[in-house]
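Trainee: Got a minute to go through a model with me? Please pull it up.

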Amino acid sequence: MPKSLLEQKLCSDKVPDEQSLTHASHHVPSGFSDHFALGFTKVLRWAADTFFAKRYGHRAIVLETVAAVPGMVGGTIQHLNSLRRMKDDDGWIRTLMEEAENERMHLMTFIEIAKPTLFERIVVMAAQWIFYIGFFLLYLISSKTAHRVVGYFEEEAVISYTYYLQEIDEGRSPNIDAPAIAIHYWKMPADATLRDVIMIVRADEAHHRDVNHGFSNQLAGLPVDEAHAAPYPQHADSLRMDA
Ligand SMILES: [Fe+2]
Ligand SMILES: [Fe+2]
């Protein structure tokens, strides 16, 4: 199968397995904060695996409603810090706000591909209350741990979208046309497919992973490996398709 330009740009034609992804980009935990972050992430992954099994479209929708929260919480708290301390934010606020917007665009894209059940909508509403308040408190107590949690969430998101790609490649999910909103937002070619969308969403997640592990490292006084951070795909300047 010939590779699209987008695919050539983003990745090889081989979908990496979980093992290689984990080894390539996993932050090895050290200390209580990291182990707490990883343990919390593993519990949520277990819950997602149990609840969704292989319903990847539905899994993406529900998890993206959660994934779009931390950037806004972190951005808000960093904004208030900057005001209160009358100190520059080193660009953190914009980065976190951009992350929140990007995750919301993942949701806006996947909602065009799968439709959540009534039960899933109720789960989303309950999860938002619990997760927003919980993450806000965690960020106030330890922003280092909060960014590590997001780093580990994003590691799992990369793995989860890799499985979604395998579902398509092995014919269990149809490779439908990319929704118009995705073509606009990621400046994709008009004949882009769902597979192309998942590839580029996965690239976004890999970038968020490295940014958040980097923020956590910075807060912990550890070195930040900016040179090897996953590149951020290009996005449209305006989210409105008619703009
Ligand atoms: Fe996402
Ligand atoms: Fe994400």
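Mentor: Here are some notes on its helices, one residue and the core.
Mentor: This is a predicted model: local features need pLDDT of at least 70, side-chain atom pairs count only at pLDDT 80 or more, and totals for chains, interfaces and linings use all residues. Residues are numbered from 1 along each chain as its sequence is written, with chains lettered from A and ligands numbered from 1 in the order in which they are written.

Trainee: How far does H3 reach?
Mentor: Helix H3 covers residues 31–52 and spans 32 Å from first C-alpha to last. That is close to the 32 Å expected, taken as 1.5 Å times one less than its number of residues. Helices here are DSSP runs of H or I, at least four residues, numbered from the N terminus.

Trainee: What follows H3?
Mentor: Ala53, with a positive phi near 50 degrees.

Trainee: New topic. Why does Ile61 count as buried?
Mentor: Because Ile61 has 23 C-beta neighbours inside 10 Å. Buried takes 20 or more other C-beta atoms within 10 Å, with C-beta atoms placed from the backbone.

Trainee: And where is Ile61 found?
Mentor: In helix H4, residues 56–67.

Trainee: What does Ile61 touch beyond four places in sequence?
Mentor: Its contacts (C-beta atoms within 7 Å) are Leu107, Phe110, Ile111, Ala114 and Pro116. Ile111 is 50 residues away in sequence, yet its C-alpha is 6.4 Å from that of Ile61.

Trainee: Which residues touch the most others in the largest nonpolar core?
Mentor: Tyr161, Ala178, Ala182, Val197 and Ile198, out of 40 residues. A nonpolar core joins buried Ala, Val, Leu, Ile, Met, Phe, Trp, Tyr and Cys through C-beta atoms within 7 Å.

Trainee: Which helix gives the most to this core?
Mentor: H8, with eleven residues.

How values were computed:
Helix = DSSP H or I, 4+ residues; strand = E, 2+ residues; numbered from the N terminus. Buried ≥ 20, exposed ≤ 12 C-beta atoms within 10 Å, placed from the backbone. Contact = placed C-beta atoms within 7 Å.
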